[in-house]
Amino acid sequence: MIDILPHILNGLTLGLLFALIALGFMLIVGLMEQINLAHGSLFALGAYVGMQMLGPRPPMPADWAAAWLALPLGWRYALTLVIAPCVVGVVGALVEFCMRRTYGKDPLYGLLLTFGAAMVIEEAIRLTWGTRDYVLQVPQAISGGFIFQDLIWSTYRFYAAGIAAVIIGLVWLVIEKTPYGAIIKAGAHDSEIVRALGINLSRLRLAVFIFGTMLAAVAGIIVAPIWGIRPHMGVDAVVPAFLVIVLGGVGSFWGAVSAGILVGLAVGLTGAYASEWSLLSMYILLVAIVTFRARGLFGKKSVLEA
Amino acid sequence: MNGTAPNSPDAARLITPTMLVVWLGLATIPLWISQIGLYPYLGIEILIWSIYALSFNLVLGTAGLPSFGHGVFFGVGAYAFGLAQFNVSSSLWICLTLAMLAAALAGVFVALFISHRRGIYYAFMTIAFGQIFWTIAIKWHSVTGGEDGLLKIERLPADLGFVSFDLKNNASFYYFVLAVFIVIVIALWRLTHSPYGRILSAIRQSETRAAHLGYRVWLYKASVFTISAGMSGLAGGLFAMAQLAAFPDVMSLHQSGYIVMMTLVGGGLVSFWGPIVGVVTFLVARDVIGAMTSAWMLWFGLLFIAIVLFKPEGIAGAFRSVVDGGKARAKRAEGVSALRLLFRS
Amino acid sequence: MSKINRRRFVKGSAAALAGTAAFYGPWKHNSVYAQAKPIKLGLTCDASGQYGNSGQDDLRGIKMAIDEFNVKGGVLGRKIEWVTADTETTPATGSRVAERFITREGCTVLIGAVHSGVANAITQVAAKNGVIYLNTNSSAPSEAGENCSRIKFVWDGNGTNFSKAAVKNAVQGVGKNWLLLTNDYVWGHTTSSATKAQVEANGGKIIDNLLVPQNTRDFTSYLLKIQQAKPDVVATAIGGDDIKALREQVVQLKLDGKPAWINNQQDWPDIWGAPESLFGVFGTTWYHKLPLAGVAEFVKKWEAANKDGPIPVPGNVSYNGYMATRELLRAMERAGSTNNIKVIKELENLKVSAADRMQHYDAFMDPVTHQMQQTIYLARRNMKPTDKTDLYEIISWTEPKTVLDDAAPNKCKLAPYEQVPSVDS
C-alpha cells in the first residue's frame, strides 16, 4: 500500500497555492460584486512580467538594466515579487476603467466584459512573448530538493506554500485590522451608506480592483516555477479560482482559504490513487457540496445570490 | 422576447418572408463562395454553428438563462453520432436522432441540478458542468478517443426510401445541412412565438411574477434547457459528419464562451436572427483575419467588449433600429434591459 | 412561392455539383497556362500549443528542401509554392486547416505533423480528397498501423522502433522492474504498449503505468509515486513541453541517477529549450554531429538559412521534414508527373542510400505500412561536449531491419488505388 502521508502533504501545499490564486478573485467578487474572469489572464501576465524582469533583458533603460542584472538573483527575485505586481496593477486599473460603465447594472456585464478582457490580454501576451514555454528563474536557496522520510521533496514547493500562507495572513490583517479593510468591507455591504459617509466610492472600487489584480499577479510569479509559463496558463488559474470561491462561499475569506485547501487535498489524494482523474475530482467536489449546501461552505447571503 | 412583437403578423406565421429571403440567400452560397475567397467547408461550418447558436439563443435570449457550458451538448451530440454509427446503425436518420436524444439526456441531467438557481449561480454551475463533461470526454479514451478524438466518422447517405443522396462532397452536404437548418428555423420560430415561448419570456422578465401567476417555473426552465440541448446535439451530429470526427475541444470553457460571444455580438438578445449574424461574423473573421495574423482574437475580443459596453443590442439590433426608422434608443434600451434581466435576483 | 424556390434549388444544386468538379479555387481559370502553373504545398505545422516549437522546426526543414528545388528551377519546370497555418497542436484545428488548404488554397500535397492526433485528423481530410499527406514527425506506432492510409507516408521512427532499440539492453543491463509514464493520447498509449510488449518479451515486468494528461506541468505526485514504487527503470512516453517540465523537475530533485530513465524519443527542439535537464537514455533518427559525409555541409546550409532563429543547429525534427519533402519532390521528378497515384507508387518503392540519408544504414519505405524504415540511434547526455550544441553522446546505431514494427503490417489496411480520388496539379 502506498504511504499516504506524502500525498497529503502534497495536497496541503497545493491547497495553499490554490487559496492564494483564489484570493484576488475572492476580493473582487466578494467586495465589489464583480466577477473578474480576467483574473486568469492577469495571473499569467504577472508571471510573464516577472519572468521578463528577472531575465536577461529587463524592460528598463540600458544603464539601469546593467545595475539590475549585477544584483544577486535573490535580491532581484525579492524585488520582482513587489515590483511586477505593481506593473500588472496598472493593467488592472485599465480594466477597471472599462468596467465603470457597468456598475449599478448587473454582474453579468462584469462577467462578459472581463471574459472579453481575458481573451484580449491572453492574445496580447501571445503577441508579445510568443507561444514558447518560458522558465522563471528562482534563487538557488529555494530550489532543488531535500530529503525527508526517505523521499526527495521539492524545496521550492514548500517555500511557495509558505509564502502563500504569509500573503494570505497579510491580506487577512489588512482586511480585518486596518481602517482600510473596514471601509472595504463596509463598501461591500452597503455602498450607498459608505458614499453617504463621504468616502469616494469609485476610488475605493479602483483600489480594491488593483489590489485584487496585484494578488493575481503575485500568485502568478509564485506558481510559475511549478506550472511553467505559457500564454494559456491563465485558464488553469481562473477555473480553480471560481470553483474555490463558489465552494467556499461568496464573500467569505475563510471560506476561500478552507475551500482552497480542500480542493488541493482532493487533487493531491486522487493523484495518489487515480492520477488521471485528479482534475475531475475538484468539479465533483463542487457539485456535491453545492447541491447540499447551496451557498457553499461558509457563504453568506450576497447580492449575487439567486 | 427577441424582437418580434407578439401582435405582429409574422409571429403567427409558420414561414415568414424574412425566412424565405434568408433561405434563398443561403441556398445560393455554394455558387459564389469560392469567388469571394472563401470555401464551401466554411459555408457548412457557418450553417451548423448557426443551428447551434439558434438553439443556444432559446436559452439565452428567449428564456434569459445564462448558460456558459453549452458546448457540452454540441459535443455530446457529435460523439453520440459517431458512436451510434459504429455500434447501432448505419442509417443517417437513426444516428442523428440518437445524437439529439443523447444531448437532450445530458441536458436533462444538468437541468436537474441547476434549474432552481438563477443568475450568477446558474452561470457558475453551467461552467462547472461544462468542465466536468469536458474532462470526462478527454479521459474516457475507450469511448471518446480522448484528446485525439473519435475518428473515421462517415457521412452517411441521406436515404429517403425512394432516392438516396450521397453527402460525401461538400456541396451536397451543404444542401443537406441547409434542409435541417430550414426545419430547425421553423421549429424555433414557432416555439418562441407560441404560448410556451411567451411564458419563457415572462420568466425571463421576472421569475417571481411568473411563479405568482401560477406557472411552474422550474419545469419551464428545465424543459427549455433540455430542448435547447437536444437541438444543439443535432448540430453536433452534423458537425461530426462535417469533420468526419468528434473532438473534445468544443466542450472547453473557451469554446462555450465563443458561442455566447457570437450570439451576443450578433444581437441574439433582441433579434431572432441575431445569432446567425454573430456566427457569420465570427467564423468569417476567424478565417480571413486569422490567415493574416494569429492575433485575430485580440480584435474580436475588443469588438466584443465594445458591444457589451455600448451596444448590447448587437449587430442585428442596430440594423433593425436603422430599418425601423432610427428608433436606436429604443432598441438599445431593449438590449440593455435584456442584458440586465439575465441576472436579476 | 414554392415553385420558384424549387426551380432555384434545382438550378442551384446543379450548378454547385458542376462547380465542385473544379474545387481548386483560384486556379481553375489558369488551365491554359498549366505548364508554368506552380505546384502548391500545404504545410500543416503547429505554431502554438504543446508542440509549437517542434512544429516550427519541422517547417524550417521543409522550407529548406523546397528552396533547394526552387533554386534549380522547381520540379518538372514548375515552381513550388507553399502556404502554412498554425494547427495549434489541436486535432479540430488540423481538420479545419486541411480543408482550407485543399479547397481554398488548392494545395495538392500536405506536409507536416508532430502530434499524432492532429496527424490523424489531417489524414482523414486528405484521404477524402486524394491529397498526399507526409507525416514528417509524428511517431505513434498506430500511424503505420491502424491509422495508416494509402495517401499518407510516415517519415519518423516510431515508438516501437525506439523501444526495440532500447529495451532489450536495459532489461538485461539495468533491471527487470519497469514503470511507465504515458502521455494520455494516441502516441503515448501506443508507444507505451510497444515498450510493454518489449519489456515482457525480454523477461521484465511492468509494475505500473501512470497516465499523464497533456499539458501537465506539475509532476510532483508522479515523482512521489515513482519514489515510493522504486522501479529499476522508468520508461517515459511524454512529449513536447511536458517532457521539458518533467526533466526540469527530475533534475531539480536529483532523481536523474536512480532509477534509470528511458525517454523513448527526444526531439531536438525540446532538448535545446532546456539542455541542463537532459538525462537518461533516449532515441533519435539523426544528430548534427554524426561523423558521416554530407552532415557538415547540410548543417552549414541550414545554419545560413536560419541565422536568426531560436535554434542554432538542425536536429531530428528539421531533418525529418527536409528528407520527407526532398523525397516527395524527387519522386515527382522520377514519375514525370504530379498525379497523386503515380507519386504514391514511386514513394512506396523508395530506397535511399545511407550516404544520401546522412545516416549509418540504407533506408527504405515499407510498401505495406508506408513508414520509412531508417537507422535508429540511441543517445545520452554528452559529458564532454566539444561546443555548446554538442549535447548528445551517441551510444549506438541500429539497422532498420532489427527494429521493425512487426505488428504494424497486420493492423494496416491500405485502400486500393482505385478508391483514391485522382489529383493532378
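How many residues does the contact take from chain C, and how many from chain B? The contact takes 30 residues from chain C and 25 residues from chain B. This is a predicted model, and that contact is a good place to enter it.

Stay on the chain C side. Three helices of chain C each supply at least two residues of the side that touches chain B: helix 1 (2-20), helix 3 (91-104) and helix 4 (116-129). Helix 1 of chain C gives the most, with 9 residues. The classes on this side are mixed. It has 10 nonpolar, 13 polar and 7 charged residues.

Now turn to chain B itself. Its secondary structure consists of 16 helices and 2 strands. The radius of gyration of chain B is 19 Å, and the globule rule gives 20 Å for 345 residues. The two values are close, so chain B is as compact as a globular protein of that length. Its C-alpha trace spans about 50 × 45 × 45 Å along the principal axes. Of the 345 residues of chain B, 59% count as buried. Look next at contacts between residues of chain B at least 6 apart in sequence. Of these, 73% join residues at least 24 apart.

Chain B also meets chain A. Here the contact takes 36 residues from chain A and 32 residues from chain B. On the chain A side, two or more residues come from each of helix 5 (107-129), helix 10 (233-248) and helix 12 (278-292). Helix 5 of chain A gives the most to this side, with 15 residues. What classes do the residues of the side of chain A that touches chain B divide into? They divide into 27 nonpolar, 2 polar and 7 charged.

Chain A comes last. It has 12 helices and 2 strands. Where do the strands of chain A fall in the order of its elements? From the N terminus on, the order is α-α-α-α-α-β-β-α-α-α-α-α-α-α. Five helices thus come before the two strands, and the other helices follow.

The overall dimensions of chain A can be read in a similar way. A compact globule of 306 residues would have a radius of gyration near 19 Å. Chain A has 20 Å, which agrees. Its C-alpha atoms fill a box of roughly 60 × 60 × 35 Å, taken along the principal axes. Buried residues make up 54% of the 306 residues in chain A. Among contacts in chain A with a separation of 6 or more, 78% are between residues 24 or more positions apart.

Note on methods
Residues numbered from 1 in each chain as written. Chains lettered and ligands numbered in written order. Predicted model: local features only at pLDDT ≥ 70, side-chain atom pairs only at ≥ 80, totals over all residues. Helix = DSSP H or I, 4+ residues; strand = E, 2+ residues; numbered from the N terminus. Rg over C-alpha atoms; globule rule 2.2 N^0.38 Å. Buried ≥ 20, exposed ≤ 12 C-beta atoms within 10 Å, placed from the backbone. Contact = placed C-beta atoms within 7 Å. Nonpolar A, V, L, I, M, F, W, Y, C, P; charged D, E, K, R; others polar.
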